[in-house]
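Biologist: I'm new to this one, so could you walk me through it?

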Amino acid sequence: MNGNTPMTPEPHQNRRAILAQALGLLATGSFLGSCTTSRRNPSAVLPGPVWPHESVAETPAPVADSNRARPTLPTKARFSVHARNEWTRAQPNVSDTNPMVRVEHITVHHDGMPPTVIRTQQEAAERLEMIRVSHVEHRGWADIGYHLIVDPQGRVWLGRPIHLQGAHVRDHNPRNLGVLVMGNFEIQRPTAEATRTLDALLAHQSRTHGVPLNRIYTHREWASTACPGQSLQAHMDTTRSSSGNLRNMLVRV
């Protein structure tokens, strides 16, 4: 799958019904917005680090070096970045986090939630807040687990501040930037807008932090999980290939 087909729920489901269903599950604690489902096809993993099945959890980071500059999201990006206060008033529990120190890996995820159509900024913000609430109230995390989020319209949202370690790959959170693409790509395809922005965002963060292409992973390349879904995995396989868009973007610099 090349990521050029619009993301359409299969079967189609009304957005309000999906949100109501998800909120109802959230209230019971049985719904958690994160990508921790078991991998359907373990043999379809790229060469790279693979560990036995693990659920996502926060892990300790090395003591920060005060002489190092904190990782930040530069402003000169070729896409709009929506500030945290555009989707939530909540702040991370900083006392329960570790410093990122620096970024050495980047990992791509999907949210794995029931699919729905997301067009407006408000719809994206609502989904993002739903994920944050599930991570904080039901997993006991300090904040939403991901640092940067791409919605189906190609907008980028700032999640957990980049200078704080995320919670997205168990035992491999230190120095690992978490990038989420909204959607469940086991049963739908990412939009062309989302994959185009994802490639640009990954290239931008790769250059910013000095992360080489071979350290840009998907979640299933770290652990036994379906994340980021078969469709987004297919896009990542293609874009990192010898003739892929992401590789060419990095080569041109």
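What follows is a set of short questions and answers about this model.

Modeller: A quick note before we start: this is a predicted model, where local features need pLDDT of at least 70, side-chain atom pairs count only at pLDDT 80 or more, and totals for chains, interfaces and linings use all residues. Residues are numbered from 1 along each chain as its sequence is written, and side-chain values use heavy atoms, with hydrogens and water left out.

Biologist: Sounds good. What pattern does the chain follow along the sequence?

Modeller: Helices (H or I, at least four residues) and strands (E, at least two) are DSSP runs here, numbered from the N terminus. The chain has five helices and six strands. Read in sequence order, they give α-β-β-α-β-β-β-α-β-α-α.

Biologist: How much of the chain is buried?

Modeller: Buried means under 20% relative accessible area, exposed means over 50%, and partly exposed is in between (1.4 Å probe, protein chains only). Out of 253 residues in the chain, the buried share is 54%.

Biologist: And what share of the contacts with a separation of 6 or more comes from residues 24 or more positions apart?

Modeller: A contact means heavy atoms within 4.5 Å. Take the contacts in the chain with a separation of 6 or more, and look for residues 24 or more positions apart: they account for 77%.

Biologist: Let's pick one helix. Which parts of the structure do the buried residues of helix 4 pack against?

Modeller: Helix 4 is mostly covered, with seven of its ten residues buried. Those are Ser-231, Leu-232, Gln-233, Ala-234, His-235, Met-236 and Thr-239. Their packing partners are strand 2, strand 5, helix 3, strand 6 and helix 5 (245–252).

Biologist: Thr-239 is on that list. Which side chain does its side chain make a polar contact with?

Modeller: Thr-239 sits in helix 4 and counts as buried because its relative accessibility is 2%. Leaving out residues up to four places away in sequence, Thr-239 touches Asp-199, Gly-244, Asn-245, Leu-246 and Arg-247. A polar contact is a pair of N or O atoms within 3.5 Å; within protein, one must be able to donate a hydrogen and the other to accept it, and residues adjacent in sequence count only if both atoms are side-chain atoms. At 3.1 Å, the side-chain partner of Thr-239 is Asp-199.

Biologist: How are helix 3 and helix 4 set relative to each other?

Modeller: Axes are lines fitted to C-alpha atoms, for helices over the stretch in contact, and angles run from 0 to 180 degrees between N-to-C directions. The axes of helix 3 (residues 192–209) and helix 4 come within 12 Å and cross at roughly 50°. Angles under 35 degrees count as roughly parallel, over 145 as roughly antiparallel, 65 to 115 as roughly perpendicular and the rest as oblique. So helix 3 and helix 4 are oblique.

Biologist: Which residues of helix 4 meet helix 3?

Modeller: From helix 3, the residues involved are Thr-195, Leu-198, Asp-199 and Leu-202. On the helix 4 side, they meet Leu-232, His-235, Met-236 and Thr-239.

Biologist: What about helix 3 and helix 5: which residues of helix 5 does helix 3 meet?

Modeller: Their axes are 9 Å apart, at an angle of about 40°, so this pair is oblique too. Helix 3 brings Asp-199, Ala-200, Leu-202, Ala-203, Ser-206 and Arg-207 to the contact. In helix 5, those meet Asn-245, Leu-246, Met-249 and Leu-250.

Biologist: Now the loops. Where is the cis peptide bond at Pro-228?

Modeller: Pro-228 lies in the loop between strand 6 (216–218) and helix 4 (230–239). With omega about 15°, the cis bond joins Pro-228 to Cys-227.

Biologist: Is Val-101, with its positive phi, buried or exposed?

Modeller: Val-101 has a phi of about 70° although it is not a glycine. This residue lies in the loop between strand 1 (81–82) and strand 2 (105–110). Because its relative accessibility is 9%, Val-101 counts as buried.

Biologist: Last one: which residue's backbone nitrogen lies 2.8 Å from a polar atom of the Asn-173 side chain?

Modeller: Asn-173 is in the loop between strand 4 and strand 5, and it is buried, with a relative accessible area of 0%. The backbone nitrogen at 2.8 Å from its side chain belongs to His-168.
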